[in-house]
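Here is a short tour of one protein chain, written for someone who will want to look along in the viewer. Have the sequence and the 3D view at hand as you read.

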Amino acid sequence: ISEDLISEEINNNINNDVIENEIIDNNIIENEIIVNDIANDIIDTEIHNNLIEENINDEIENNDVQDVATNDELGVKYSAHVQDIGWMNWVQDNIQTGTTGQNKKVEAIRIKLEGLPGYSVEYRAYVNGKGWQNWVSDGISAGTTGQNRKLEAIQIRIVKTANKVAI
């Protein structure tokens with residue numbers, strides 16, 4: 001075997017390793033972007049919750065509400081279904097759900113409100129290869145499980161479910 005053939009084979013192996021590493025790096029970056037997008041959506045929801053809380057406080061001042069939960073009882077809880085792992089524990093207050101640095105897909109999400117009677121959280125997921133799913137609410141799974149399909153986007157909205165809030 002000539003030195004040129006050996007050198008060419010070594011260069012081909014190095015090039016293949018570089019390409020494989022770039023694919024892995026791109027998948028990790030893509031997964032981190034998805035998790036960050038979901039976290040940003042959850043933060044936006046919490047900002048929206050703060051606005052709702054202000055509205056509730058206004059309703060209290062106008063005697064439209066009998067009692068209101070304290071700030072410690074108010075919150076958005078969420079849980080992600082992760083490829084090869086399953087459902088993560090419920091978390092809140094900007095705590096991460098999902099994984100980082102493990103190249104695992106977030107396949108589904110569940111979101112629920114705590115301490116905010118008269119309001120509901122609705123959300124839907126855009127699933128890779130399937131598109132937008134129907135709206136679900138209050139802890140129901142959005143996305144897929146066991147199909148190896150990642151969430152590409154999520155929409156979240158808080159809706160009023162009753163004219164008067166009574167706790």
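Let's start in a loop. Asn94 sits between strands β3 (91-92) and β4 (106-114). Asn94 is exposed, because its relative accessible area is 51% and the cut-off for exposed is over 50%. Its C-alpha atom is 9.2 Å from that of Val76, a residue 18 positions away along the chain.

Before going further, a word on confidence. This is a predicted model, with an average pLDDT of 79 for the chain and 56% of the residues scoring at least 70. Residues 64-68 deserve some care: pLDDT stays under 50 there, and the model has 13 contacts for them beyond four places in sequence.

**The nonpolar core**

Which residues touch the most other members of the largest nonpolar core? They are Ile38, Ile109, Ile111, Leu113 and Leu151, out of 23 residues in that core. Several elements contribute: α1 (3-61), β1 (75-82), β4, β5 (119-127) and β9 (151-160) each supply at least two residues. The most comes from β5, which gives five.

Ile109 makes a good place to zoom in. Leaving aside neighbours within four places in sequence, Ile109 is in contact with Ile38, Ile42, Ser79, Ala80, Trp87, Tyr123, Ile140, Ser141, Ala142, Leu151 and Ile154.

From Ile109 you can step across to Gly143, whose C-alpha atom lies 6.5 Å from that of Ile109 although the two are 34 residues apart along the chain. Gly143 belongs to strand β8 (residues 142-143). Is Gly143 buried or exposed? It is buried, because its relative accessible area is 16% and buried means under 20%. With neighbours within four places in sequence left aside, the contacts of Gly143 are Glu107, Ala108, Ala125, Val127, Gln133 and Leu151. Leu151 is thus a contact of Gly143 and also a contact of Ile109.

**Salt bridges**

Side chains of opposite charge can pair when their charged atoms come close. How many salt bridges does the count give? The count comes to two, and here they are together:

| Salt bridge | N to O distance |
|---|---|
| Asp84 and Lys104 | 3.3 Å |
| Arg157 and Glu122 | 2.7 Å |

The pair of Asp84 and Lys104 links distant parts of the chain, 20 residues apart: Asp84 is in the loop between β1 and β2 (86-87), and Lys104 is in the loop between β3 and β4. The other pair joins two strands. Arg157 lies in β9 and Glu122 in β5, so this bridge ties together parts that are 35 residues apart in sequence. Arg157 counts as partly exposed, because its relative accessibility is 36%, between the cut-offs of 20% and 50%.

**Two residues with positive phi**

Most residues other than glycine have a negative phi. Asp84, already met in its salt bridge with Lys104, is not a glycine but has a positive phi of about 65°. Asp84 is also exposed, with a relative accessible area of 65%.

Asp93 has a positive phi as well, of about 55°, and is not a glycine either. You will find Asp93 in the loop between β3 and β4, the loop that also holds Asn94. Asp93 is partly exposed, because its relative accessible area is 49% and exposed requires over 50%.

Methods
Residues numbered from 1 in each chain as written. Predicted model: local features only at pLDDT ≥ 70, side-chain atom pairs only at ≥ 80, totals over all residues. Heavy atoms only, no water. Helix = DSSP H or I, 4+ residues; strand = E, 2+ residues; numbered from the N terminus. Buried < 20%, exposed > 50% of the residue type's maximum accessible area, 1.4 Å probe, protein only. Core = buried A, V, L, I, M, F, W, Y, C linked by side-chain atoms within 4.5 Å. Contact = heavy atoms within 4.5 Å. Salt bridge = Lys/Arg side-chain N within 4 Å of Asp/Glu carboxyl O. pLDDT = per-residue confidence, 0-100.
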